[in-house]
Amino acid sequence: KPCIATQVGIGYNFNEVVGTRLTVNGWQSSNRIHSYKNPPNYSWNYISPDVDLTVSLSNLLLGYNPNRIVNLGIFAGVGANIAFNNYEIVEILNQNPNEHYCKSYTPWEGTKTFFTNRVGMYIDFRISRNWSASIENQTYFIYGGYYDSFKYYNDSRCNHLISLKYSFGRRQNKPLALWEITCIITNGKCT
């Protein structure tokens with residue numbers, strides 16, 4: 001089931017092609033217990049600070065153009081996924097102890113931190129000299145049973161984002177810093 005979350009970030013471009021950014025996103029993740037009849041959904045909260053290396057493919061392949069309307073880029077990074085409020089699955093498993101799917105789930109409780117890697121791509125659409133709108137896809141690789149399936153099972157999560165970005169500095173030179181606020185419109189397990 002899709003979830004709504006938010007992301008804020010700040011970045012710095014070292015040159016016209018390579019930059020870095022720090023983002024923090026989070027709110028809610030969800031999963032479904034896969035069974036043959038009426039699989040129940042459950043959700044929990046998370047916050048995820050990440051550091052990314054960004055590459056502007058448009059500037060790399062076509063050269064820097066301060067008046068470019070569309071900019072395509074990729075990124076890769078590392079971070080942590082701090083998850084909490086995972087009580088819904090515990091209640092489901094306690095209510096149905098004899099169901100076959102209960103035996104394969106080992107839910108975590110309290111607050112748990114998972115190490116993550118992520119990759120993705122973005123398309124920026126310039127609105128004005130300093131503002132742009134962006135569409136971004138993120139794929140997280142989460143280590144250690146984030147979706148409760150098995151304790152040492154590695155999971156993935158996909159985020160699809162729509163955001164606004166503000167560039168400090170002048171576009172005629174390299175943008176010095178970026179500030180972004182993002183609404184994640186879909187947040188769910190990658191299948």
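Reader: What makes up the accessible surface of the chain?

Author: In this predicted model, the accessible surface comes to about 10000 Å², and carbon and sulfur atoms account for 62% of that area.

Reader: Which residues form a nonpolar patch on the surface?

Author: The patch consists of Ile69, Val70, Leu72, Ile74, Met121, Ile123, Phe125, Ile135 and Ile162, with about 710 Å² of accessible area together. Strand E4 (70-84) and strand E5 (112-126) are the elements that give two or more residues to the patch.

Reader: Why is Ile74 called partly exposed?

Author: Happy to set the value against the cut-offs. Its relative accessibility is 35%; buried means under 20% and exposed means over 50%, with partly exposed in between. Ile74 therefore counts as partly exposed. As for its place in the fold, Ile74 lies in strand E4.

Reader: How do you know that E4 and E5 pair?

Author: Two strands pair if DSSP finds at least two bridges between them. E4 and E5 have 14 bridges, so they count as paired, in the antiparallel sense. Within E5, Tyr122 is the residue opposite Gly73.

Reader: And what makes E5 and E6 a pair?

Author: The reasoning is much alike: 11 bridges join E5 to strand E6 (residues 131-142), and at least two are needed, so these strands pair too. They run antiparallel and form a hairpin with 4 residues between them. Here Arg118 stands opposite Tyr140 in E6.

Reader: Where do the helices fall in the pattern along the sequence?

Author: The order is β-β-β-α-β-α-β-β-β-β, from a chain with 2 helices and 8 strands.

Notes
Residues are numbered from 1 along each chain as its sequence is written. This is a predicted model: local features need pLDDT of at least 70, side-chain atom pairs count only at pLDDT 80 or more; totals for chains, interfaces and linings use all residues. Side-chain values use heavy atoms; hydrogens and water are left out. Patches are made of residues with over 30% relative accessible area and no salt bridge: like charges are joined within 9 Å, nonpolar side chains (Val, Leu, Ile, Met, Phe, Trp, Tyr) within 5 Å. Accessible areas come from the Shrake-Rupley method with a 1.4 Å probe; for residues, only the protein chains shown count as cover. A salt bridge is a side-chain nitrogen of Lys or Arg within 4 Å of a carboxyl oxygen of Asp or Glu. Buried means under 20% relative accessible area, exposed over 50%, partly exposed in between (1.4 Å probe, protein chains only).
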